[in-house]
Amino acid sequence: MAAPIEEKDPRIQGIASSIRVVPHVPKGGIMFQDITTLLLDPKVFRDTVDLFIERYTGKDISAVAGIEARGFIFGPPIALAIGAKFIPLRKPRKLPGKVISEDYVLEYGRDCLEMHVGAVQPGEHVLVVDDLIATGGTICAAISLLERAGAEVVECACVVELPGLKGRERLKDTPLYVLVESP
């Protein structure tokens, strides 16, 4: 199991301590990892984005795919900084035009991701970005959607991982990079 980045980096503690845990959201028993509190601190927000940019600069990534909604927060600044395009992966009926879709199961229900047809070209190297990985259902759906379009997903990046839910295991050979592990 790949570990989060070096705990020695002082930015990591600031990121970890800025994430609020909200019990019973979206339903009883779920301990929601709320990154909106991280966004309220410009230094911590910048540190979070900078750590991803440092990792992906010069890695031949042509597209960053952000998962709705919090992947839209981190994905665009990473894409701009590394010179890649940004691809929004959205909930159903949010994108105009022709889309391809992928249904998936969450820890608390079912959902679907959609992407514009033609957003990614065969052979493109793509980074998938979201705020959190729990059971891995959402990220697996994103990987499947992108691979069906012919892209190569080189890595997935999340701010938080809930390792107890074993989402990393569902990714098989796709690497996962996380900043913070949460119990």
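Arg 93 sits in the loop between β4 and β5 (99-106), and its backbone is a good place to start reading this predicted model. Phi of Arg 93 is near 65°, which is a positive value in a residue other than glycine. That's worth a second look, because most residues other than glycine have a negative phi, and most peptide bonds are trans. As for the side of things that solvent sees, Arg 93 has a relative accessible area of 75%, over the 50% cut-off, so Arg 93 is exposed.

Now go back along the chain to the loop between β1 and β2, where you'll find His 24. Phi of His 24 is near 65° too, again a positive value in a residue that isn't glycine. With a relative accessible area of 53%, His 24 counts as exposed. Stay in that stretch for a moment: Pro 26 is also in the loop between β1 (20-23) and β2 (31-34), and the peptide bond leading from Val 25 into Pro 26 is cis, with omega near 5°. There's another cis bond to look at, from Glu 68 to Ala 69, with omega near 0°. Here the second residue, Ala 69, belongs to the loop between β3 (63-67) and α4.

On to the helices. Two packed helices are described by the angle between their axes and the distance between the axes. Take helix α1 (residues 10-18) and helix α3 (residues 42-56): their axes come within 9 Å and cross at roughly 125°. An angle of 65 to 115 degrees would count as roughly perpendicular and one over 145 as roughly antiparallel, so α1 and α3 end up oblique to each other. The crossing of α1 past α3 is left-handed. On the α1 side, the contact is made by Arg 11, Ile 12, Gly 14, Ile 15 and Ser 18, while α3 brings in Val 44, Asp 47, Thr 48, Asp 50, Leu 51 and Glu 54. Sorted by class, the residues of this contact are 4 nonpolar, 3 polar and 4 charged.

Which residue of α3 does the side chain of Arg 11 join through a polar contact? The partner is Glu 54, and the two side chains are joined at 2.8 Å. Arg 11 lies in α1 and, leaving out residues up to four places away in sequence, touches Asp 47, Asp 50, Leu 51 and Glu 54. Is this arginine buried or exposed? Its relative accessible area is 18%, under the 20% cut-off, so Arg 11 counts as buried.

α3 has another partner in helix α4 (residues 71-82), with axes that come within 9 Å and cross at roughly 45°. That angle makes α3 oblique to α4, and α3 passes α4 in a right-handed crossing. From α3, Phe 45, Thr 48, Val 49, Phe 52, Ile 53 and Tyr 56 meet Ile 73, Phe 74, Pro 77, Ile 78, Ala 81 and Ile 82 of α4. By class, this contact has 11 nonpolar residues, 1 polar and no charged ones.

Just past α4 in your tour comes strand β4 (residues 85-89), where Lys 85 is placed. Lys 85 has a relative accessible area of 31%, so it's partly exposed. Setting aside neighbours within four places in sequence, Lys 85 is in contact with Ser 62, Ala 63, Val 64, Ala 79, Ala 119, Val 120 and Glu 124. Lys 85 and Leu 40, by contrast, are 45 residues apart in sequence and 26 Å apart in space, C-alpha to C-alpha.

Next, helix α5 (residues 137-148), home of Leu 146. Leu 146 has a relative accessible area of 0%, so this leucine is buried. Not counting residues up to four places away, Leu 146 touches Ala 65, Leu 89, Met 115, Val 120, Val 126, Val 128, Ala 151 and Val 153. Of these, Met 115 is 31 residues away along the chain, with 8.4 Å between the C-alpha atoms.

Finish at Ser 182, in the segment after β9 (176-181). At 10% relative accessibility, this serine counts as buried. The side chain of Ser 182 makes a polar contact of 3.0 Å with the side chain of Gln 33. Beyond neighbours within four places in sequence, Ser 182 is in contact with Gln 33, Val 160, Glu 161, Leu 162 and Pro 163.

Definitions and conventions
Residues numbered from 1 in each chain as written. Predicted model: local features only at pLDDT ≥ 70, side-chain atom pairs only at ≥ 80, totals over all residues. Heavy atoms only, no water. Helix = DSSP H or I, 4+ residues; strand = E, 2+ residues; numbered from the N terminus. Buried < 20%, exposed > 50% of the residue type's maximum accessible area, 1.4 Å probe, protein only. Polar contact = N/O pair within 3.5 Å; in protein donor to acceptor, adjacent residues only side chain to side chain. Contact = heavy atoms within 4.5 Å. Axes fitted to C-alpha atoms, helices over the stretch in contact; angles between N-to-C directions. Parallel < 35°, antiparallel > 145°, perpendicular 65-115°, else oblique. Left-handed = near helix turned anticlockwise from the far one by under 90°. Nonpolar A, V, L, I, M, F, W, Y, C, P; charged D, E, K, R; others polar.
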